[in-house]
Amino acid sequence: YNLQEFVPTLRSSTWNRLLNDPAKPLYNRSTSGIYPPGSVFKPILALCALREGAVTEHTTYTCTGSIMVGGRRIECSHRYGHGELDLRQAIAASCNPYFISVGMRLGFEPELHDDCAMLGFGSAPRIGISTAAGVLPSDAWKRKTQHDGWRGGDTANVSIGQGFFKVTPLQIALMTAAIATDGKVIKPRLIRDAGDGTGVKDQLEIAGTMDWSAHDLQVVKEGMYDVVNSASGTGLKVAVSSVRAAGKTGTAEYMEDGVKKKHAWMILFAPYDKPLYAMAVVAEDSDFGGL
């Protein structure tokens with residue numbers, strides 16, 4: 001919306017038009033928009049699975065284009081399959097069957113669920129303005145809200161950032177920062193003026209530290225580097241020659257009035273070797289995250 005419409009005074013007709021606009025231009029999506037994260041969640045699953053020994057960096061899976069879970073076929077973004085992939089390659093290619101197989105091997109509770117909680121999912125960040133908590137599901141949550149227990153299909157959905165799992169862009173940015181800072185969960189804050197940025201990083205308040213090993217972080221970071229820089233990466237379009245960056249694309253599907261729609265995600269941290277910035281971008285009702 002046009003900020004000039006707010007000065008010197010805001011007309012009631014303008015305010016009512018903005019309030020009733022179906023696109024919700026006054027809605028702060030960065031802190032209160034709630035979305036399924038899609039494939040940008042896969043690095044967290046990878047880190048948890050590596051720590052718990054469910055997989056190693058050399059664990060391979062042959063993707064044929066889909067995977068069966070409880071009689072339900074879940075498609076891969078690559079219609080004819082990716083063939084045999086290891087973990088780093090699966091991150092770069094964002095292979096759904098690979099990560100569903102990892103998630104089913106690991107399970108959602110308690111380890112992956114607890115990692116999500118420690119990263120801040122399911123909790124509203126306190127930054128002085130309204131923020132949303134999203135939804136961090138569990139067996140207890142599902143029994144209470146859906147009157148049904150947790151099933152294998154729920155684990156498969158969460159493994160690729162779908163199903164009941166809902167997040168805000170701010171939460172995903174903090175998740176990305178945790179990977180970039182080798183496991184530091186940063187407490188977010190609003191600042192009036194960053195100036196030239198000098199000293200801002202030193203003033204960060206750390207809410208916790210994830211139990212991720214340096215080796216496991218390196219494996220996942222290399223996969224995220226390939227997302228942006230490898231020929232097989234899904235995020236090649238964000239690469240720039242002057243900055244080495246790592247990232248992850250995501251395509252989150254949802255249903256609205258019986259119509260299948262998508263949100264497109266992109267997370268990124270840079271510079272790759274000594275990260276200073278982490279970001280999360282979501283485009284509502286868009287297409288594949290790499291576009």
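In this predicted model, Phe41 is buried, its relative accessible area being 0%. A good place to start, then, is the surroundings of this ring. Phe41 pairs with Phe165: the ring centres lie 5.1 Å apart and the planes meet at 75 degrees, so the pair is edge-to-face. Phe41 sits in the loop between helix 2 (29-32) and helix 3 (42-52), while Phe165 belongs to the loop between helix 8 and helix 9, so the pair ties together parts that are 124 residues apart in sequence. Phe165 also counts as buried, at 1% relative accessibility. A further ring, that of Phe121, joins Phe41 and Phe165 in one aromatic cluster.

The loop that carries Phe165 deserves a second look. Ile160 is placed in the loop between helix 8 (152-159) and helix 9 (169-180). With a relative accessible area of 7%, Ile160 is buried, since the cut-off for that class is under 20%. Once neighbours within four places in sequence are set aside, Ile160 is in contact with Gly38, Ser39, Lys42, Ile74, Asn96, Phe99 and Ile100. From Ile160 to Gly103, the C-alpha to C-alpha distance is 8.6 Å, although 57 residues separate the two in sequence.

Aromatic pairing is found elsewhere too, with the count coming to 10 aromatic pairs. One of them joins Tyr1 and Phe6, whose ring centres are 5.4 Å apart and whose planes lie at 35 degrees, so the pair is tilted. Here the accessibilities are 52% for Tyr1, which counts as exposed, and 26% for Phe6, which is partly exposed.

It helps to set these local details against the chain as a whole. The chain contains 10 helices and 9 strands. Its radius of gyration is 20 Å, close to the 19 Å given by the globule rule for 291 residues, so the chain is as compact as a globular protein of that length. Along the principal axes, the C-alpha atoms fill a box of roughly 65 × 45 × 35 Å. Of the 291 residues, 46% count as buried. When contacts between residues at least 6 apart in sequence are considered, 63% join residues at least 24 apart.

Turning to the surface, the chain exposes about 15,000 Å², and carbon and sulfur atoms supply 51% of that area. As for charge, there are 30 positive and 30 negative side chains, with the centres of the two sets 5 Å apart.

Notes
Residues are numbered from 1 along each chain as its sequence is written. This is a predicted model: local features need pLDDT of at least 70, side-chain atom pairs count only at pLDDT 80 or more; totals for chains, interfaces and linings use all residues. Side-chain values use heavy atoms; hydrogens and water are left out. Helices (H or I, at least four residues) and strands (E, at least two) are DSSP runs, numbered from the N terminus. The radius of gyration is taken over C-alpha atoms; the globule rule is 2.2 Å times the number of residues to the power 0.38. Buried means under 20% relative accessible area, exposed over 50%, partly exposed in between (1.4 Å probe, protein chains only). Contact means heavy atoms within 4.5 Å. Accessible areas come from the Shrake-Rupley method with a 1.4 Å probe; for residues, only the protein chains shown count as cover. Lys and Arg count as positive and Asp and Glu as negative; His and the chain ends are not counted. The place of a charge is taken as NZ of Lys, CZ of Arg, CG of Asp or CD of Glu. Rings of Phe, Tyr and Trp (its six-membered ring) pair if their centres lie within 6.5 Å; planes under 30 degrees apart count as stacked, over 60 as edge-to-face and the rest as tilted.
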